[in-house]
Every structure is written in C-alpha cells, then in structure tokens.
Amino acid sequence: MPVGRWGLRTTAILYLGLLIALPAAAVVSKGFSHGLVDLKSAIGSPGAAAALKLTLSVSVITALINAVFGTLIAWVLVRYRFPGRAVISGIVDLPFAIPTLVTGVMLVALYGPSSPVGAFFERHGIHVVFAPIGITLALLFVTLPFVVRTVQPVLLELDRDQEDAARVLGAGRIRTFTKIVFPQIREAVAAGTLLSFARSLGEFGAVVIVAGNIMGKTLTAPVFIYQLTSQFRYPEAAAVASVLFAVSFLVVLAVDRLIGRWGIVP
C-alpha cells in the first residue's frame with residue numbers, strides 16, 4: 001500500500017516536472033546563460049521599455065475592472081434566480097473554450113473601423129482597434145472567468161443569517177454588502193484579481209490581432225518576445241520571457257497563499 005501511494009506521488013511529481021518545471025527551467029537557463037547581458041540587450045531594443053510598460057498598465061487596469069464586474073456577475077449568479085441564468089453562467093466560461101485568436105478576430109469584427117460600431121467610435125475620436133482600449137477589451141474578455149469562478153463558490157458558502165440580521169436592523173443593500181458580505185469574500189476577490197493580472201501579462205493570441213503591434217504605442221511584451229524569436233534572438237527572448245514568468249509565478253504563489261490561508265475553493 002505505501003508503495004502504491006509513493007508510486008502515485010512520484011508519477012504526479014514527474015509529470016508536473018516534465019510538463020511545467022523543466023520547460024520553465026530551460027527558458028530561464030537560456031535567458032540568463034550570459035548573466036544579465038541578454039536581458040539588458042533586449043530591454044535596450046527599440047520599443048522594449050514601452051512594451052513592458054504598456055503590458056503592466058493594461059494588465060493592472062484589466063484586473064481592477066474585472067475585480068468589480070466579475071464580483072458583480074458572481075453575485076447575480078448566486079443570489080438571483082431568473083430565466084436564462086444557466087445560459088449566462090455558460091457564457092462566463094466561453095473565454096476558456098474559445099481560442100484567443102478567435103477572440104481577437106471577434107473584437108476586430110465588432111470594433112474595427114469598417115464595422116458600424118467601430119465606425120461610430122471612430123467618428124467620435126475613439127480608437128478601439130489598434131489602440132490600448134482594444135488591448136484592454138481583449139484582456140477583459142479572456143480573464144473575466146478567473147474572478148467570477150473564484151468568487152462564486154465563496155458566495156455560495158456564505159451564511160446569510162448575518163445579512164438578514166443587518167437588514168432587520170435597517171441596513172440597506174449597499175451597506176450590508178460592504179460591511180457584512182465583502183469582508184467575507186475579499187480574499188476570493190483578491191485571488192481572482194491576481195489571477196486575472198497574471199493571465200493578462202502573458203496573453204498573446206487576442207492581443208496580436210487587436211493591437212496592431214505598433215512599436216512604442218500598442219506593442220505588448222508577449223508580442224515583443226515573439227518578434228525577438230522571429231529575429232532569431234532566442235536568448236534575449238528567453239530573458240524577457242523569464243521576467244514575465246517570474247512576475248506571474250510570484251502572483252500565483254500569492255494566490256495559493258490566499259487560498260490556503262482562507263480556505264478559498266476556486
């Protein structure tokens with residue numbers, strides 16, 4: 001029996017190591033085989049600093065917006081019963097199933113200059129496609145489920161007696177939510193927000209179509225890494241990729257800490 005348990009553990013660890021840990025170690029080794037030389041060279045390339053800054057800024061904006069609306073959607077799905085609720089719940093998971101390249105095509109079809117919606121915004125001086133707004137929309141689409149599906153199970157487990165007591169004592173809906181509900185779900189909201197941020201950092205498929213990849217304006221870090229590989233500058237690409245990987249890994253560790261500390265079940 002112990003042999004069976006150890007066999008299962010060893011198989012799981014080996015699979016995880018071969019699938020994730022080994023490739024991660026390979027890219028870090030490739031990127032820093034010459035110390036910081038390749039990273040400095042990549043950062044010194046035209047448009048590199050702007051790409052990193054743009055990626056970080058749109059990722060933060062995306063995470064914060066999804067924190068609000070993802071929590072709102074989770075609340076509606078848990079606390080209300082209405083026709084079409086199951087359909088809406090299914091729509092939330094669509095970004096998990098749709099290829100991100102398809103997401104980019106959909107957004108261009110909807111907000112492109114030749115579409116009615118895109119033309120309307122263009123007439124009013126608002127550029128969606130090939131602009132930071134379009135990148136943000138793509139990231140919002142891709143990362144929304146992370147917040148909804150992290151907050152939803154926590155809401156399902158809440159004891160509503162405190163809410164009912166607060167309402168009896170005269171507290172309104174907003175006050176009840178801010179004082180009673182939110183303190184109990186804030187760790188779940190934080191975890192979902194961090195996951196949304198981490199996912200936004202590495203998004204490529206939707207962004208490469210929507211952004212237009214204009215150097216210094218709409219070029220993001222993942223697309224910049226792709227351009228480096230297209231120029232056969234693999235060590236530099238690996239160095240920048242390692243930086244993004246490190247940031248994402250730290251965020252995931254923070255999420256795991258929240259999940260372990262507060263018993264969140266995503």
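Select helix H3 (residues 48-79) and helix H8 (residues 132-157) in this predicted model. The two helices pack with their axes 6 Å apart and at an angle of about 40 degrees. H3 and H8 are therefore oblique to each other, since an angle counts as roughly parallel only under 35 degrees. Turn the view until one helix lies in front of the other: the crossing of H3 and H8 is right-handed. Colour the contact of H3 with H8 by residue class, and 20 nonpolar, 7 polar and 2 charged residues appear.

Keep H3 and hide the rest. The helix has 32 residues, which at 1.5 Å a residue should span 46 Å. The end C-alpha atoms of H3 are 46 Å apart, in agreement with that expectation. Where along H3 is there a bend of about 25 degrees? Centre on Ala67, where H3 bends by that amount.

Next, show helix H10 (residues 173-202) together with H3. Their axes are 8 Å apart, and the packing angle is about 140 degrees. H3 and H10 are therefore oblique to each other, as an angle has to be over 145 degrees to count as roughly antiparallel. Viewed along the line between the helices, the crossing of H3 and H10 is right-handed.

Return to H8 and add helix H6 (residues 100-111). Here the axes are 10 Å apart and the angle is about 135 degrees. H6 and H8 are therefore oblique to each other. H6 passes H8 in a right-handed crossing.

Stay on H8 and display the side chain of Arg149, which lies in this helix. Which residue forms a salt bridge with Arg149? Select Asp93: the closest N and O atoms of the pair are 2.9 Å apart, and a salt bridge requires them to be within 4 Å. Asp93 sits in the loop between helix H4 (85-92) and helix H5 (94-97). The pair links distant parts of the chain, as Asp93 and Arg149 are 56 residues apart. A search of the whole structure finds 4 salt bridges.

Finally, show the whole protein as a cartoon. How many helices and strands are there? The protein has 13 helices and 0 strands. Followed from the N terminus, the elements run α-α-α-α-α-α-α-α-α-α-α-α-α. Taken along the principal axes, the C-alpha atoms fill a box of roughly 70 × 65 × 30 Å.

Conventions:
Residues numbered from 1 in each chain as written. Predicted model: local features only at pLDDT ≥ 70, side-chain atom pairs only at ≥ 80, totals over all residues. Heavy atoms only, no water. Axes fitted to C-alpha atoms, helices over the stretch in contact; angles between N-to-C directions. Helix = DSSP H or I, 4+ residues; strand = E, 2+ residues; numbered from the N terminus. Parallel < 35°, antiparallel > 145°, perpendicular 65-115°, else oblique. Left-handed = near helix turned anticlockwise from the far one by under 90°. Nonpolar A, V, L, I, M, F, W, Y, C, P; charged D, E, K, R; others polar. Expected span 1.5 Å × (residues − 1). Bend = angle between axes of the 7 residues up to and from the residue. Salt bridge = Lys/Arg side-chain N within 4 Å of Asp/Glu carboxyl O.
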